[in-house]
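Hi everyone, thanks for making time today. Let me put the chain up on the screen so that we can walk through it together.

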Amino acid sequence: MPQLATLAEWLGYIESLSVADIKLDLDRIKRVAKKLNLFNPGFKIITVAGTNGKGSNVALIESMLLQAGIKVGSYTSPHLIDFNERIRINKRVIDSDTLILLFETVERTRGDTELTFFEFTTLSAMKYFYDEGIDIAILEVGLGGRLDAVNIFPGDYGIITNISLDHMDWLGDTREKIAYEKAGIIHHGMTIVYGEKDIPDAIIEQSKIANKLILRDTDFWINEDGYGGHEYEDIQGNKLAITMPHFGGDEQLDNIASSLALCFHIGKEAGVDLLKVSSGIEEASLAGRFQKIYIKNRHWLLDVAHNTASVGRLALSLKKRAKDKKIIALIAIMKDKEAEKMISLMADLVDQWVCIDIDIIRAFKAEELAKLVSSQTGAACVTSPLSKSIDLALEISRQDDLILIFGSFYLVGPMLKQLGYNQNK
């Protein structure tokens with residue numbers, strides 16, 4: 001057992017355990033989970049997969065179930081500011097001392113079994129939920145679904161938010177191939193919600209082993225109410241006006257619809273007040289999703305949109321909500337993303353670009369990204385190290401401008417921290 005005193009030391013140690021960040025093989029983590037006695041946890045499991053909107057669905061479901069008096073554990077990734085954000089019970093993040101004790105338990109138990117960072121932390125989260133006696137755990141898939149670490153724990157319920165092209169090196173180069181990997185979260189007897197209108201064949205096929213498949217625009221709908229708002233309706237007779245959460249843009253309507261469809265199903269099974277369930281929408285919170293901040297005498301908008309589908313939705317929201325402002329974009333993008341398409345989607349909206357160097361091996365260097373920006377937009381692009389980007393943004397902007405930060409979790413999180421944002425307030 002290593003002699004490690006702080007959470008930072010433990011996180012560094014866990015990162016060093018495996019030469020690969022991702023290993024699509026569940027045998028190793030299953031062996032350790034069995035030693036930890038985690039396969040009969042005593043609580044229900046909701047698995048959340050999909051290309052975009054996973055974090056939003058987790059936040060909405062968490063808030064709705066909590067409002068209904070259900071003790072909820074949530075496991076998400078990546079984090080924005082502190083690792084502790086990834087593991088919560090009833091919205092309260094785990095404290096560092098408890099996390100260290102969990103890491104010590106997993107380390108003692110694994111012996112010489114190699115675990116990736118995500119596998120190690122997944123086991124730690126599940127042990128925490130087991131020890132604390134929760135009612136329901138919400139597990140967000142890290143990558144894909146079929147071979148993701150959380151999938152060793154079969155879900156009782158699940159949501160697949162949507163399917164679009166992302167992580168193609170790992171999941172396949174077509175929507176159907178990616179859907180096959182995401183559909184791997186569907187287990188025998190599960191109730192599964194699919195959150196978008198166009199359902200891939202792979203999900204329909206895998207859903208044959210499910211107890212119930214709940215489909216958008218077949219089993220539940222989001223409709224305009226004629227007054228500029230929207231309402232939810234489903235075949236069970238539930239109908240209510242939608243109150244938007246305090247995060248995100250118009251894309252949250254899709255996430256609200258799928259989350260409500262699942263929570264109403266769970267609520268009916270559990271015999272809880274469905275009005276209490278739905279009232280949790282307004283109480284949901286999630287940083288970094290079309291998040292508006294006024295600080296340092298400037299308007300900032302931060303969004304973790306990091307693939308073509310999510311950037312497309314960001315562009316639509318900007319056209320509706322910021323069409324009269326000059327937009328200065330600070331961006332960083334991972335090399336495995338379709339950077340040219342992401343930039344082109346924003347080309348007509350952004351007036352000035354700043355490419356940021358972040359300390360992530362998988363990220364484009366700022367100079368490389370600046371060349372892509374120039375080639376896609378014809379605009380000159382400046383570069384900046386992350387540590388100086390706030391000062392540069394203040395220097396090149398005016399009070400009425402909008403400073404947009406997007407492209408990666410690994411940019412938005414550090415920028416929130418530099419701006420002094422405290423998500424626990």
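I'll go through a strand, then some aromatic rings, then a sheet with a helix.

A word on the numbers before we start. This is a predicted model, so I kept to pLDDT of at least 70 for local features and 80 or more for side-chain atom pairs, while totals for chains, interfaces and linings use all residues. Residues are numbered from 1 along each chain as its sequence is written, and side-chain values use heavy atoms, with hydrogens and water left out.

Helices and strands here are DSSP runs, numbered from the N terminus: H or I with at least four residues for a helix, E with at least two for a strand. Let's begin with strand β5, residues 136-140, where five of five residues are buried, and buried means under 20% relative accessible area with a 1.4 Å probe, protein chains only. In a regular strand, side chains alternate between the two faces of the sheet. On one side of β5 we have Ile136, Ile138 and Glu140, on the other Ala137 and Leu139, and all are buried.

What does β5 pair with in the parallel sense? One partner is β1, residues 44-49, over five bridges, and another is β2, residues 72-75, over four; two strands pair if DSSP finds at least two bridges between them. Lys44 stands opposite Ile136, and Gly73 stands opposite Ala137.

Now the rings. I pair Phe, Tyr and Trp rings (the six-membered ring for Trp) if their centres lie within 6.5 Å; planes under 30 degrees apart are stacked, over 60 edge-to-face, the rest tilted. That gives ten aromatic pairs. Take Phe83 and Phe117: their centres are 5.8 Å apart and their planes at 85°, so this pair is edge-to-face. Phe83 sits in the loop between β2 and β3 (87-89) and Phe117 in helix α5 (residues 117-132), 34 residues apart, so to speak for distant parts of the chain. Both Phe83 and Phe117 are buried, and ring pairs join them with Trp10, Tyr13, Phe103 and Phe120 in a cluster.Last, the open sheet: three strands in the order β9-β10-β11, with antiparallel pairing. β9 (220-224) and β11 (239-241) are at the edges with a single partner strand each, so one side of each has no neighbour in the sheet. Neighbouring strands are turned by 20° against each other on average, direction ignored; axes are lines fitted to C-alpha atoms, for helices over the stretch in contact, and angles run from 0 to 180 degrees between N-to-C directions. Helix α9 (residues 252-270) packs on this sheet, touching β9, β10 and β11, and its direction makes about 35° with that of β10; contact means heavy atoms within 4.5 Å.

Key:
Buried < 20%, exposed > 50% of the residue type's maximum accessible area, 1.4 Å probe, protein only.
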